[in-house]
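Got your viewer open and a selection box ready? Let's walk through this model one stop at a time.

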Amino acid sequence: MTQRKVIFFDSKSYDEKTFKSALKNLNGQDKLRFTFLESKLSEETVEEAKDYDAICVFVNDVVSENVIEELHKKCNTIKIIALRSAGFNNVHLETAEKYDIKVCRVPRYSPYAVAEHSVALLLSLNRNMHHAFFRTKQHNFNLDGLVGIDLFGKTVGIIGTGGIGMCAINIFLGFGCKVLAYDVYPNEKVAKEKGFVYTTMDELLRESDVVSLYAPLLESTYHIINKEALDKMKHGAMLINTSRGGLVDANALVECLKKGKLRGAALDVYENEKKYFFNDFSQQVMDDDTLARLISMPNTIVTSHQAFLTEEALKNIAESTIQSLLDFFDGKPLNENNEVKLPPKTEEKK
Ligand code: NAD
């Protein structure tokens with residue numbers, strides 16, 4: 001069998017380590033050869049894929065109409081785009097389909113990883129861990145300004161009750177919280193069994209002490225948390241986002257936080273994260289004023305799209321991606337859960 005060449009964009013040392021180890025475990029070394037690039041895929045870097053058989057990308061690689069056009073023109077040996085992620089909002093599916101380029105993703109590599117990170121963000125924000133950590137490092141044992149609230153008995157609003165949202169619901173129910181949920185496809189049977197309640201978006205915003213987002217980025221979810229939604233939220237509520245940055249209008253959130261309406265916000269994702277996230281800019285002046293403002297506030301926590309980052313998730317991502325590539329090059333159909341097809345009029349927002 002011909003050894004197929006796969007080029008990875010936006011890859012880190014942990015990607016290289018887990019993919020090499022998974023390739024060995026799946027006995028795929030004779031079938032696939034990997035090249036790992038740190039640069040993100042974009043119109044500027046697309047030519048790097050020349051003479052490869054597949055590209056493997058992550059959440060902030062640009063797989064736009066133009067990039068796929070360029071791929072087709074300059075690197076027309078590429079017949080599959082493998083996403084090392086669940087979300088696929090960065091891929092222009094129509095153009096991929098036009099050139100008969102398959103797209104695959106890893107839909108359920110570890111819902112626990114993401115749900116647990118969202119809870120970690122909430123607990124840190126609520127109990128001021130981000131301040132306590134630095135205080136004790138400086139031998140400052142003062143507790144002023146560190147008062148949190150009990151989560152027991154509070155109402156948590158979950159937007160999106162798919163794999164990750166459900167894991168988060170289980171955790172919050174375990175904490176003794178009341179859970180309200182909003183989803184375009186509510187699962188009333190599960191809600192009844194577990195003991196949470198589906199409601200309208202308006203009621204969820206009005207009633208929740210914590211609002212946490214677990215819906216994908218679609219036309220219908222873009223800026224689902226905008227000024228109007230923030231106005232409807234309870235005074236003193238907390239907002240958590242580990243889904244996609246585009247769900248929150250970041251400027252509206254800054255204004256809302258400036259007014260002191262929310263207790264705080266914790267974000268693992270940011271709508272314009274592409275330029276900064278995953279890289280070290282500690283020696284440069286940030287030119288994104290909204291992100292700088294969000295980071296600067298005492299009642300915000302920003303992590304750099306790391307909710308997925310557990311050993312288990314990385315292993316599952318690598319194994320699933322490699323399996324899809326092996327299947328594709330063996331001429332087998334892709335697993336229907338992994339193949340990303342153009343959905344009828346509900347495609348993810350670019
Ligand atoms: P999923 O497909 O299992 O669930 C998504 C849920 O959102 C579904 O139940 C769907 O019906 C619901 N939904 C769709 N449109 C909606 C709308 N307009 N309003 C309310 N709900 C809506 O997906 P998942 O595996 O739970 O992942 C959710 C999202 O989390 C992904 O799309 C991805 O963007 C994000 N994610 C982030 C990270 C990270 O590291 N931060 C990692 C993985 C996934």
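Start by selecting helix α12, residues 311–329. This helix lies across β1, β2, β3 (54–57), β4 (80–83) and β5, and it runs at about 165 degrees to β4. Keep in mind throughout that you are looking at a predicted model.

**The sheet under the helix**

Next, show the strands that α12 lies across. In what order do the five strands of the open sheet come? Following the sheet from one side to the other, you meet β2, β1, β3, β4 and β5, with parallel pairing. Colour β2 (32–36) and β5 (102–104) to mark the edges. Each of these two has a single partner strand, so one of its sides has no neighbour in the sheet. Turn the view a little to see the twist, which averages 20 degrees from one strand to the next.

Now zoom in on β1, residues 4–8, and its partner β2. The two run parallel and are joined by five bridges. For one position to look at, pick Arg4, which stands opposite Leu32 in β2.

**From Leu32 to Leu23**

Keep Leu32 displayed and add Leu23, which sits in helix α1 (residues 13–25). Beyond its neighbours within four places in sequence, Leu23 is in contact with Leu32, and also with Gly28, Gln29 and Ile322. Is Leu23 buried or exposed? Leu23 counts as buried because it has 21 C-beta neighbours inside 10 Å, and the cut-off for that label is 20 or more. For a link back to your starting helix, put a distance label between the C-alpha atoms of Leu23 and Glu319: they are 7.5 Å apart, although these positions lie 296 residues apart along the chain.

**A second pair of strands**

Move on to β6 (residues 155–159) and β7. Here too, five bridges join strands that run parallel. Val156 has Val179 in β7 as its bridge partner. Select the whole of β7, residues 178–182: four of its five residues are buried, so the strand is largely enclosed by the rest of the structure.

**Around the ligand**

Centre the view on the ligand and show the 30 residues around it. Which of them come nearest? They are Gly87, Gly160, Gly162, Ile164 and Pro216. Helices α4 (111–126) and α6 (163–174) each supply at least two residues of this shell, and α6 gives the largest share, three residues. Colouring by class gives 16 nonpolar, eleven polar and three charged residues.

**Two unusual backbone angles**

Most residues other than glycine have a negative phi. Two exceptions are worth a stop. Select Asp100, in the loop between α3 (93–98) and β5; its phi is positive, about 60 degrees, although it is not a glycine. Asp100 is exposed, with 8 other C-beta atoms within 10 Å. Then jump to His139, in the loop between α5 (129–137) and β6. His139 also has a positive phi of about 60 degrees without being a glycine, and with 6 C-beta neighbours inside 10 Å it counts as exposed.

**Zooming out**

Finally, select residues 8–335, which an unreviewed UniProt entry annotates as "domain: D-isomer specific 2-hydroxyacid dehydrogenase catalytic". Over this range the chain is 37% helix and 13% strand, and its end C-alpha atoms are 21 Å apart.

Technical notes: Residues numbered from 1 in each chain as written. Predicted model: local features only at pLDDT ≥ 70, side-chain atom pairs only at ≥ 80, totals over all residues. Near = placed C-beta within 6 Å. Nonpolar A, V, L, I, M, F, W, Y, C, P; charged D, E, K, R; others polar. Pairing = 2+ DSSP bridges. Axes fitted to C-alpha atoms, helices over the stretch in contact; angles between N-to-C directions. Contact = placed C-beta atoms within 7 Å. UniProt positions renumbered as here; feature names shortened; annotations may be inferred. Buried ≥ 20, exposed ≤ 12 C-beta atoms within 10 Å, placed from the backbone.
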